[in-house]
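Trainee: Before I use any descriptive labels for this model, I would like to go through the reasoning behind each of them. Could we take them one at a time?

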Amino acid sequence: MKRDNVFYYVRHVPKDLIDHYSVQRLCFSLKTKCESLANRSSRSITQRLDDYWYGVRFTELDVPIRNSISSNQIDTQVSVKVLDALELYLRLKGRDRDKVFHRTARRNIKYVIKAIGNKCVKDISSSDGAKFRDWLINKGLSINTVKRIFSSVRSIINIAISEEGLDCINGFSKTYFPKDEQPNIRKPIPIDAIKQIQQICYQKDDDLRWLIALLSDTGMRLGEAVGLLKSDINLSSDIPYINIRPHPWRSLKTIGSERKIPLVGASLWASKRIVDANDSQFAFSRYTNHSFSNANHASAALNKWIKEQLTDPYVIHGFRHSMRDRLRAVECPSDIVDRIGGWLTAGVGQTYGKGYPLGVLIRWMSKI
């Protein structure tokens, strides 16, 4: 049906199911003025209604008759479990994705199974979602971390519901999350503490200290630095720089993360030491090989060392927060700050062209 140029879906309720409804006819907007899109939506809705009505009729049959009927639809509704949803998700969305993507999905589903079991997707209720939330919180995870896990799990379950044509609601879709009473805020490291750390790095002069020094004056993400090749460090250019690009063993967080950062101060010193005193093709072979880059192990080691050097509880990611503040302090334009740090800049125009040349970036980096 068409009303005010908007298409509506209209269908009479079957006579044998009329007792299940308060109306005799279903009528609702398809929210489109496009006829072809309305047709596609109608076919999909019709198929789902047929499947649902079949299920309603089936539940009202006597048990002996029900046991004698074979139906692919019924088998699907019963048999798609959480682990099946995971494998479907990885098969469809895991192509050309790195190991971190697969590992994260498997870890999150492992949490689900520990909390509520390997249930059928259609049997997961909102109370199961609440139970899973409480299980994660009791595990000691922050609310933000719990939300990230839920986002991943919701995507996995949604794929199964959509692809298998299941007539159910995602039990993880409307879970309430309380406010985090003690949010884990990563504080920027003060410039005095940065200089103190840098001086110790000069004295220690080993690969872990090179990594810290490199981060301290570039604002790079730890994962970006750990996965570098020595060939990503260009010291022969008029303006020495690091070329941050994706590798098979380490992807980048966003498209904007691929960039060149001029080398100044401690980061320039660290880059020279990496090139001169390191025999491996990897900048940090302790944590990286041709198949994997382990930023988590690096984070644990570096955070422990930094806490031993400073009185306040700073972490390695604090250098990245500090870089933003240091560039603000010299009144660096925000889009240049975003370019140096690999942060996403809003606006379609930011995707045009090649971005700022190194000469512009080094002018602001030198001021910090």
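Mentor: What follows takes the labels in turn and sets each value against its cut-off, bearing in mind throughout that this is a predicted model.

Trainee: Let me start with two helices; why are helix 9 and helix 13 called roughly parallel to each other?

Mentor: The axes of helix 9 (residues 207-216) and helix 13 (residues 318-329) cross at roughly 30° and come within 9 Å. Angles under 35 degrees count as roughly parallel, and helix 9 and helix 13 are therefore given that description.

Trainee: Which residues make the contact, and how do they divide by class?

Mentor: Helix 9 contributes I212, L215 and S216, while helix 13 contributes F319, M323 and R326. Sorted by class, the contact of helix 9 with helix 13 has four nonpolar residues, one polar residue and one charged residue.

Trainee: What makes helix 9 count as largely enclosed by the rest of the structure?

Mentor: A residue is buried when its relative accessible area is under 20%, and nine of the ten residues of helix 9 are buried, so the helix is largely enclosed by the rest of the structure. The buried residues are L208, R209, W210, L211, I212, A213, L214, L215 and S216. Their cover includes helix 8 (191-204), helix 10 (222-226), strand 5, helix 11 (265-277), helix 12 (295-309) and helix 13.

Trainee: R326 belongs to helix 13; is that residue buried or exposed, and how do you know?

Mentor: The relative accessibility of R326 is 12%, and because the limit for buried is under 20%, R326 counts as buried.

Trainee: What does the side chain of R326 meet there, and why is the pairing called a polar contact?

Mentor: The side chain of R326 meets the side chain of D217 at 2.8 Å, and because a polar contact requires N or O atoms within 3.5 Å, this distance falls inside the limit. Leaving aside its neighbours within four places in sequence, R326 is in contact with I191, I194, S216, D217 and I368.

Trainee: How does the same reasoning apply to N294, and where is that residue found?

Mentor: N294 lies in the loop between helix 11 and helix 12, and with a relative accessibility of 15% it counts as buried, the cut-off being under 20%. A polar atom of the N294 side chain lies 3.1 Å from the backbone nitrogen of H297. Not counting residues up to four places away in sequence, N294 touches V226 and Y287.

Trainee: Turning to the strands, why are strand 1 and strand 3 said to stand at the edges?

Mentor: The sheet in question is open, with three strands in the order 1-2-3 and antiparallel pairing. Strand 1 (2-3) and strand 3 (25-29) each have a single partner strand, so one side of each is left without a neighbour in the sheet.

Trainee: How do you know that strand 2 and strand 3 pair?

Mentor: Pairing needs at least two bridges, and five bridges join strand 2 (residues 6-12) to strand 3, with the two running antiparallel. As one example, H12 has R25 in strand 3 as its bridge partner.

Trainee: What makes strand 4 and strand 6 edge strands, and which strands do they pair with?

Mentor: Here, too, an open sheet is formed by three strands, in the order 4-5-6 and with antiparallel pairing. Strand 4 (233-234) and strand 6 (259-262) each have a single partner strand, so one side of each is left without a neighbour in the sheet. Two bridges join strand 4 to strand 5 (residues 241-244), which satisfies the requirement of at least two, and N234 is partnered by Y241 in strand 5. Strand 5 and strand 6 pair over four bridges, with I242 opposite I261 in strand 6. Strand 4 and strand 5 form a hairpin, with six residues between them.

Trainee: Finally, why is N5 called partly exposed, whereas K31 is called exposed?

Mentor: The relative accessible area of N5, in the loop between strand 1 and strand 2, is 49%, and because exposed means over 50% and buried means under 20%, N5 is partly exposed. K31, in the loop between strand 3 and helix 1 (35-59), has 75% relative accessibility and counts as exposed.

Trainee: What is noted about the phi angles of N5 and K31?

Mentor: N5 has a positive phi of about 70° although it is not a glycine, and K31, also not a glycine, has a positive phi of about 60°.

Technical notes
Residues are numbered from 1 along each chain as its sequence is written. This is a predicted model: local features need pLDDT of at least 70, side-chain atom pairs count only at pLDDT 80 or more; totals for chains, interfaces and linings use all residues. Side-chain values use heavy atoms; hydrogens and water are left out. Axes are lines fitted to C-alpha atoms, for helices over the stretch in contact, and angles run from 0 to 180 degrees between N-to-C directions. Angles under 35 degrees count as roughly parallel, over 145 as roughly antiparallel, 65 to 115 as roughly perpendicular and the rest as oblique. Contact means heavy atoms within 4.5 Å. Ala, Val, Leu, Ile, Met, Phe, Trp, Tyr, Cys and Pro count as nonpolar, Asp, Glu, Lys and Arg as charged, and the others, Gly among them, as polar. Buried means under 20% relative accessible area, exposed over 50%, partly exposed in between (1.4 Å probe, protein chains only). A polar contact is a pair of N or O atoms within 3.5 Å; within protein, one must be able to donate a hydrogen and the other to accept it, and residues adjacent in sequence count only if both atoms are side-chain atoms.
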